[in-house]
Amino acid sequence: MEFLDPPFMQRALLAAVLVGVIAPSVGVYLVQRRQALMGDGIGHIAMTGVGLGFLLSTSPVWMATAVAVAGAVVMELIRWYGRTRGDIALAMLFYGGMAGGVLLINLSDTGSNANLTSYLFGSLSTVSSEDITSICLLAAFVLLVTLGLRRQLFAVSQDEEFARVTGLPVRALNLLVAVTAAVTVTVAMRVVGLLLVSALMVVPVAAAQQISRSFRVTFVLSVVIGTAVTLAGTVTSYYQDVPPGATIVLLAIAVFVALTLLATPLARSRARRSEAASEECTLEVPASRPAPDELRV
Amino acid sequence: MPETGSTTAEPVMALRGATATLGARPVLRGIDLTVHRGEVAALLGANGSGKSTAVRSVIGQVPLTGGSVELFGTPLRRFRGWARIGYVPQRTTAAGGVPATIREVVTSGRLSRTRLGLIRRADRAAVDRAIELVGLADRAKDPVDALSGGQHQRVLIARALAAEPELLIMDEPMAGVDLASQEILAATLREQVAAGATVLLVLHELGPLEPLIDRAIVLRDGCVMHDGPPPKALGQHALPGHDHVHPHAATGPVRTGLLS
């Protein structure tokens with residue numbers, strides 16, 4: 001366990017574990033609502049926040065959080081009011097956010113392309129103890145929402161119209177999911193980078209649902225997968241000179257492929273079992289009502 | 001559970017002078033519709049007659065451009081007793097983007113009876129009862145995306161029943177449902193009605209539910225054309241494939257030459 005010795009590694013591992021837990025816990029609701037790419041959109045918007053942080057010489061993390069939250073709220077509003085051309089409006093928001101970020105970073109004195117790259121693809125080894133404090137706070141908020149309100153969020157993500165008729169505050173809950181996703185994006189920004197954030201929210205969930213049959217198991221399994229790949233990716237990048245963000249995402253995809261291969265025989269045996277069950281049922285039919293060819297005999 | 005034997009004519013749901021538009025097209029053109037406690041009312045009509053819009057406006061899913069809605073004597077805007085209403089949307093599937101079991105989906109219908117979403121033992125029992133009612137007890141742990149159309153519909157009805165509602169609102173519960181499921185649904189509904197529930201159904205045809213229905217409201221082009229006992233002729237005319245409803249009250253008996 002030599003990799004645990006350097007303090008930067010301890011901070012990196014802590015940040016990675018937190019992201020591995022919270023990203024799938026938000027992502028599962030996004031996937032359930034069939035908005036798997038929402039995290040990607042928020043990541044693009046957060047770029048403007050990073051640029052603004054450099055330009056104003058304030059903390060890019062907090063600035064990115066503020067801009068990402070604002071962007072996520074605007075995305076929710078577009079979803080409510082502009083259903084017809086919602087996709088176009090979202091595209092404007094995504095690419096506007098990305099372009100704004102690049103422009104602002106170039107305008108600032110402290111920003112450089114190297115800085116930009118560290119936010120686009122993550123820079124786990126430069127996580128400071130201040131960063132750890134803010135990451136812990138934000139992660140606690142995310143977990144409070146995704147675990148504490150799991151029944152409500154499940155209902156809203158499963159069937160929005162029905163949730164409204166059960167009296168749930170659907171708009172408030174949707175906004176909360178959007179804000180939570182935005183917070184998760186900015187937390188994960190340091191670990192995997194803005195361009196790969198969405199992968200960590202979606203791929204563990206996609207992998208988990210290959211073998212799970214319930215929401216609860218999907219949730220737990222995706223968090224386990226998320227934590228495992230972020231830890232493994234971080235440790236790998238300590239021994240081999242590879243970028244942690246990309247390693248983590250590729251590991252997650254490897255898990256997805258492995259579980260998919262595993263799921264195929266599993267599904268086949270389940271199908272065989274239910275087929276056997278339905279055969280038992282059809283055997284009763286000739287007794288109650290003779291089949292046409294039986295009559296002919 | 002609803003009180004048994006309460007036959008007071010208290011209006012459970014009232015739609016007065018309701019108008020609504022979809023885009024620029026008027027869909028409801030001044031509908032008056034009152035459902036009293038213990039009644040089983042069916043809203044009938046051809047496609048595009050406004051029957052779905054009418055029920056969806058009752059639960060606030062379609063905004064009215066005029067008129068008013070009252071639920072249990074409270075204007076919709078101030079209505080908060082959502083646990084008293086069980087809603088079955090017109091849907092072909094109960095599945096979302098992530099696998100979920102029948103029990104998980106049905107449990108979401110119980111939330112209106114819980115505080116802060118805490119599921120207690122009584123809530124679990126109610127969910128079990130609802131699943132049992134629609135005959136899916138042995139499949140409660142199965143994912144909903146592995147079910148047939150009729151079974152999906154049964155899950156959606158169990159979800160509505162989980163809150164033990166006084167008023168059941170169902171939008172085309174029989175659409176795309178196989179015969180076996182139709183019979184289970186009719187039996188479930190019969191049980192609810194016997195226990196005192198009020199039911200408002202949107203139907204394309206009376207079908208196997210016919211003996212249960214006290215009152216039929218026939219809509220055409222956003223107007224009420226018939227309101228009373230289910231028209232007998234409708235039973236024969238409303239076979240699958242028949243898109244037309246003949247509101248006899250408005251047009252008089254159809255002269256077929258068979259009776260004269």
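UniProt positions are given here in the numbering used for this structure, and its annotations may be inferred rather than shown by experiment. Keep that in mind as we look at this predicted model.

**Chain A and its annotated spans**

In an unreviewed entry, UniProt places the feature "transmembrane region" at residues 12-30, 62-81, 88-107, 132-150, 219-239 and 245-264 of chain A. Let's look at two of these spans in the table.

| Span of chain A | Helix | Strand | Distance between end C-alpha atoms |
|---|---|---|---|
| Residues 62-81 | 100% | 0% | 29 Å |
| Residues 88-107 | 100% | 0% | 28 Å |

**Where the chains meet**

How many residues does the contact take from each chain? Chain A gives 25 residues and chain B gives 22 residues. On the side of chain B that touches chain A, the elements giving two or more residues are β6 (85-88) and α2 (102-108) of chain B. Of these, α2(B) supplies the largest share, 3 residues. Sorted by class, this side of chain B has 12 nonpolar, 8 polar and 2 charged residues.

**A sheet in chain B**

Now follow the strands of chain B. An open sheet is formed by 4 strands in the order β2-β1-β4-β5 (chain B), with antiparallel pairing. Why is one side of β2 (25-36) and of β5 (74-75) of chain B left without a neighbour in the sheet? Both stand at the edges, so each has a single partner strand.

Further in, strand β1 (residues 11-22) of chain B runs antiparallel to strand β4 (residues 66-71) of chain B, and 5 bridges join them. To find this pairing in the structure, look for M13(B), which stands opposite L71(B) in β4(B).

Terms used: Residues numbered from 1 in each chain as written. Chains lettered and ligands numbered in written order. Predicted model: local features only at pLDDT ≥ 70, side-chain atom pairs only at ≥ 80, totals over all residues. Contact = placed C-beta atoms within 7 Å. Nonpolar A, V, L, I, M, F, W, Y, C, P; charged D, E, K, R; others polar. Pairing = 2+ DSSP bridges.
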